[in-house]
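Student: I would like to go through this structure with you and ask, for each label, what earns it. Could you start with the charged pairs?

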Amino acid sequence: MTASPAVSDSAIPGAAPAPSDGAVEEPPEGRRRRVLLLLLLLALFVALLGLAIWYLLFRQPIPLPTIPGQTIMPSYSTAIYGAGRPMDVAVTASGDRIYVGVTSGDNTARLFDASGTELGLLQPPVSTGADHAPIYLAVNPVTSEVFVSDRRAASIYVYDADGAYQRSFSPPEGVMGWQPLGLWFDGAGNLFVSDVGSTPNVVRVFDPAGNQVRTYGEGAAMSFPNGVATDSAGYVYVADSNNGRLLVFSPDGALAAQVGRGSGQGNLGLPRGVAVDAQDRVYVVDSSGQAVFVYATYQAGETGLEYLGTFGAYGVSNGAFSYPNGVAVDGRGRVYVADSANNRVQVWSY
């Protein structure tokens, strides 16, 4: 019997020739997938590089999209210790200098850096004696000077950025019963002061030269107003503490809206410190509620504020408060809370 001759693959019609070196050629679909993966990784790298450049240029939170109907609250980051019974905190836009009003021990405001290292004291003038209680503070964004309200001395002391005493701020003649408490500067360097000694209690506004240019709240029957803040549209937010309200005044002085006292969602108990950030969020410290309430800034035509949420709870652990009083924000998405009975300033961030 004669054996049939062997037939090679190349002799079979339609068969692909085998590579001479034994390697298997990658199909076109595999090459396309690999190219797409490389392009995806390149796009991700470019996006991350763009975000890094944004942060380095603007030093502020990168605006990220949120799910409709969902509001993001800040998270606990760290705490600054070394300030006994802090009542308020003020901070520079970059967050590199943190000023704290201390109401125990020597009752002297203190300066810390971003890491919590104490840099110095904000000493009141010797001629004023030893009976002081620095309550609220504010940093002038134009001059970088620090203003500190001293309720016991019924004064406002002015310091440079390093904490050296410069002068006392005095109201113009004709202001009776001056007892400054809450302090705030708008972007133009106008000073807002809640005056709890005048009848009625009001918020006074002084221009950069120290001239009183407006008052708010004459007809609002405020009782012991504490924190005061403004938004980019010129609306003024005042913690009407003993009435348990947050009042909103229009730039012309009219009462535009309010958040009342109560147990309902977004209602307040004992509001104290107030701050407004660059993202149009209003922060109100509720000392009896042991939390910070967050609202959207006022929109024309509304009678109240949109409630966004709260952060914090009663306690001594990280992220918990014990009778908080003051609040401040910097330009990098961080919120500073004077956690009074816990003898610390908590830092929260988005």
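Tutor: Gladly. A salt bridge is a side-chain nitrogen of Lys or Arg within 4 Å of a carboxyl oxygen of Asp or Glu. The structure holds 10 salt bridges. Keep in mind that this is a predicted model, where local features need pLDDT of at least 70, side-chain atom pairs count only at pLDDT 80 or more, and totals for chains, interfaces and linings use all residues. Residues are numbered from 1 along each chain as its sequence is written, and side-chain values use heavy atoms, with hydrogens and water left out.

Student: What makes Asp162 and Arg97 a salt bridge?

Tutor: Their closest N and O atoms are 3.0 Å apart, and the definition asks for within 4 Å, so the pair qualifies. The pair links distant parts of the chain, 65 residues apart: Asp162 sits in the loop between β8 (155-159) and β9 (165-169), and Arg97 in strand β3. Helices (H or I, at least four residues) and strands (E, at least two) are DSSP runs, numbered from the N terminus.

Student: Why is Asp162 called exposed, and what is Arg97 called?

Tutor: Buried means under 20% relative accessible area, exposed over 50%, and partly exposed in between, using a 1.4 Å probe and protein chains only. Asp162 has 51%, so it is exposed. Arg97 has 23%, so it is partly exposed.

Student: Which residues are linked with Arg110 in a network?

Tutor: Asp106, Arg110 and Glu118 are linked by salt bridges. Between Arg110 and Asp106, the closest N and O atoms are 3.2 Å apart. Arg110 is buried because its relative accessible area is 13%, while Asp106, at 42%, is partly exposed.

Student: Are the partners Asp277 and Arg281 buried or exposed?

Tutor: Asp277 has 11% relative accessibility, so it counts as buried. Arg281 has 17%, so it is buried as well. Their side chains meet in a salt bridge at 2.8 Å, N to O.

Student: Now the fold. What makes β2 largely enclosed by the rest of the structure?

Tutor: Six of the six residues of β2 are buried, so the label follows.

Student: How do you know that β2 pairs with β3?

Tutor: Two strands pair if DSSP finds at least two bridges between them. β2 and β3 (residues 97-102) have five bridges, in the antiparallel sense. One of the bridge partners is easy to find: Pro86 is matched with Val102 in β3. The two strands form a hairpin with five residues between them, and Gly95 in the turn has a positive phi of about 80 degrees.

Student: What is notable about phi of Arg85?

Tutor: Phi of Arg85 is near 50 degrees, a positive value in a residue other than glycine. Arg85 is in the loop between β1 (75-81) and β2 (86-91), and its 39% relative accessibility makes it partly exposed. Tyr323 also has a positive phi, near 55 degrees. Tyr323 is found in the loop between β21 (307-311) and β22 (324-329), and at 47% it counts as partly exposed.

Student: What makes the bond between Thr199 and Pro200 cis?

Tutor: Its omega is about 0 degrees. Pro200 lies in the loop between β11 (191-195) and β12 (202-206).

Student: What makes a set of residues a nonpolar core?

Tutor: A nonpolar core is a set of buried Ala, Val, Leu, Ile, Met, Phe, Trp, Tyr and Cys residues joined through side-chain atoms within 4.5 Å. The largest has 45 residues, among which Tyr237, Leu246 and Phe311 touch the most other members. Strand β20 (residues 291-296) gives the most to this core, with six residues. A second, separate core of 18 residues includes Ala138, Leu183, Leu191 and Phe206.

Student: How do you know that Leu191 is buried?

Tutor: Its relative accessibility is 3%, so Leu191 counts as buried. Leu191 is in strand β11. Contact means heavy atoms within 4.5 Å; leaving out residues up to four places away in sequence, Leu191 touches residues including Phe147, Phe169, Leu183 and Phe206.

Student: And how much of the whole chain is buried?

Tutor: Of its 350 residues, 46% count as buried. The chain has one helix and 24 strands.
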